[in-house]
Structures are given as C-alpha cells and as structure tokens.
Amino acid sequence: MSKEKERLKECLHCSLTFKCKRSDTKYCTNSCKQMAYLKRKTIVKIIVTISPIIPEKKIGFVKRIINWFRKK
Ligand SMILES: [Zn+2]
C-alpha cells in the first residue's frame, strides 16, 4: 500500500495551516471555500458597479483586477 503524500497548505481565506492530500486544495474547510467565493463575488460586483465612473485611462487596470479575482 502506498502512503499518500500529505502537504501543508495555508488556507486562502483564514490563513490557517492545514494538511491536505491534493495539490489543488486552497481552503481548509468547505465553509472557507464558500466564504472566499462570496467575498470574491461581492468585490467583483462592487468593481463592476463603480466601473462606469472610472476614468477611461484606468479601465484596463480595473479589468485586470476583475480577471484576477475571477481566476482565484
Ligand atoms: Zn480556512
């Protein structure tokens, strides 16, 4: 029987260090995952709401932020 590799990860939401077996795990619990998702959604919503009043020169920057949040 092969031993599964455990790795230490830091939760992206609460910064708690936790053990996990999968390399793509980002959160310590499902509730952290959910909270992080809601937070991201809220931030994107705010940015989208204020984007019409952002000067055209800065739109590229704002779009980069939105994409960054959506990717995470
Ligand atoms: Zn967490």
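**Exercise 1.** In S2, which residue is the bridge partner of Lys9?

*Solution.* A quick note before we start: this is a predicted model, where local features need pLDDT of at least 70, side-chain atom pairs count only at pLDDT 80 or more, and totals for chains, interfaces and linings use all residues. Residues are numbered from 1 along each chain as its sequence is written.

Step 1: find the strands (DSSP runs of E, at least two residues, numbered from the N terminus). Strand S1 covers residues 7-10 and strand S2 covers residues 17-20.

Step 2: check that they pair, which takes at least two DSSP bridges between them. Four bridges join S1 to S2, and the two strands run antiparallel.

Step 3: look up Lys9, and you'll find Phe18 as its bridge partner in S2.

**Exercise 2.** Work out whether Ser15 is buried or exposed, and say what sign its phi has.

*Solution.* Step 1: place Ser15 in the loop between S1 and S2. That hairpin has six residues between the strands.

Step 2: recall the cut-offs, which count other C-beta atoms (placed from the backbone) within 10 Å of the residue's own: 20 or more is buried, 12 or fewer is exposed, and in between is partly exposed. Ser15 has 9 C-beta neighbours inside 10 Å, so it counts as exposed.

Step 3: turn to phi. Ser15 isn't a glycine, yet its phi is positive, about 65°. Most residues other than glycine have a negative phi.

**Exercise 3.** Find how many residues of helix H1 are buried.

*Solution.* Step 1: a helix is a DSSP run of H or I, at least four residues. H1 takes in residues 30-50.

Step 2: of its 21 residues, the number buried is zero, so H1 lies largely in the open.

Key:
Expected span 1.5 Å × (residues − 1).
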